[in-house]
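User: Hi! Could you walk me through a few side-chain and backbone details here, step by step?

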Amino acid sequence: MKTIGFDSHNHDACISDALGIATDICAQQKLQFTPVRRRVLEILLHEHRAMGAYDILEVLSSEGLGSQPPVVYRALDFLVKHGLAHRIEGLNAYTACAHLDHEHVPAFLICRTCKAVAETDTGIAQGRLGQAAASAGFTIEKVVVEAEGLCPNCTGAAA
């Protein structure tokens, strides 16, 4: 299990690799990875933080790729549906998937100060929740794990 988002890394390579994987996924599944969908994913990949739909729309609009909310919402729906991005429920925002190279159940560490998001993966029926579900005869189909706190940069700034 690798957590991606707070550590220092070659971000240009991160973006390039993720776009390449997303392009391959869309080609394999015969999905239309339109220029707007690709650009929305690229915007999300630019920073490992949660972004609201209107923040993304502002960038698209400035680039002449669309100025109406349905443009960004359709692109985000596509990206989320196909596992290329995730919706951060607690922030009503979106982030690019950091683990495009394998199937996983995402778990998010969200900085309450700078809104940076690190993604790790977890099992759908792990830990106490999985044990409680099993003992109750309950089948877990979806889990949303979001933990809020301070990222390493903001923890250092607060000290």
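User: Which ring does the charged end of Arg 37 sit over?

Analyst: Keep in mind that this is a predicted model. For an Arg to count as sitting over a ring, its CZ has to be within 6 Å of the ring centre. The charged end of Arg 37 is 3.9 Å from the centre of its ring. That ring belongs to Phe 78.

User: What kind of aromatic pair do Tyr 54 and Tyr 73 make, stacked or edge-to-face?

Analyst: A search of the whole structure turns up one aromatic pair. Its ring centres, in Tyr 54 and Tyr 73, are 6.4 Å apart, and the planes meet at 75 degrees. Planes over 60 degrees apart count as edge-to-face, so with its 75 degrees this pair is edge-to-face.

User: Which helices does that pair tie together?

Analyst: The two parts are 19 residues apart in sequence. Tyr 54 lies in residues 53–62 and Tyr 73 in residues 69–81, so the helices tied together are α3 and α4.

User: Is Tyr 54 buried or exposed?

Analyst: Exposed means over 50% relative accessible area. Tyr 54 has 51%, so it's exposed.

User: What is unusual about phi of Lys 30, and where does that residue lie?

Analyst: Most residues other than glycine have a negative phi. Lys 30 isn't a glycine, yet its phi is positive, near 55 degrees. As for where Lys 30 lies, look at the loop between α1 and α2.

User: And where does Asn 92 lie?

Analyst: Asn 92 also isn't a glycine, and its phi is positive, about 50 degrees. To find Asn 92, go to the loop between β1 (85–88) and β2 (93–96).

Technical notes:
Residues numbered from 1 in each chain as written. Predicted model: local features only at pLDDT ≥ 70, side-chain atom pairs only at ≥ 80, totals over all residues. Heavy atoms only, no water. Phe/Tyr/Trp six-rings, centres within 6.5 Å; stacked < 30°, edge-to-face > 60°. Helix = DSSP H or I, 4+ residues; strand = E, 2+ residues; numbered from the N terminus. Buried < 20%, exposed > 50% of the residue type's maximum accessible area, 1.4 Å probe, protein only. Lys NZ or Arg CZ within 6 Å of the ring centre and 35° of its normal.
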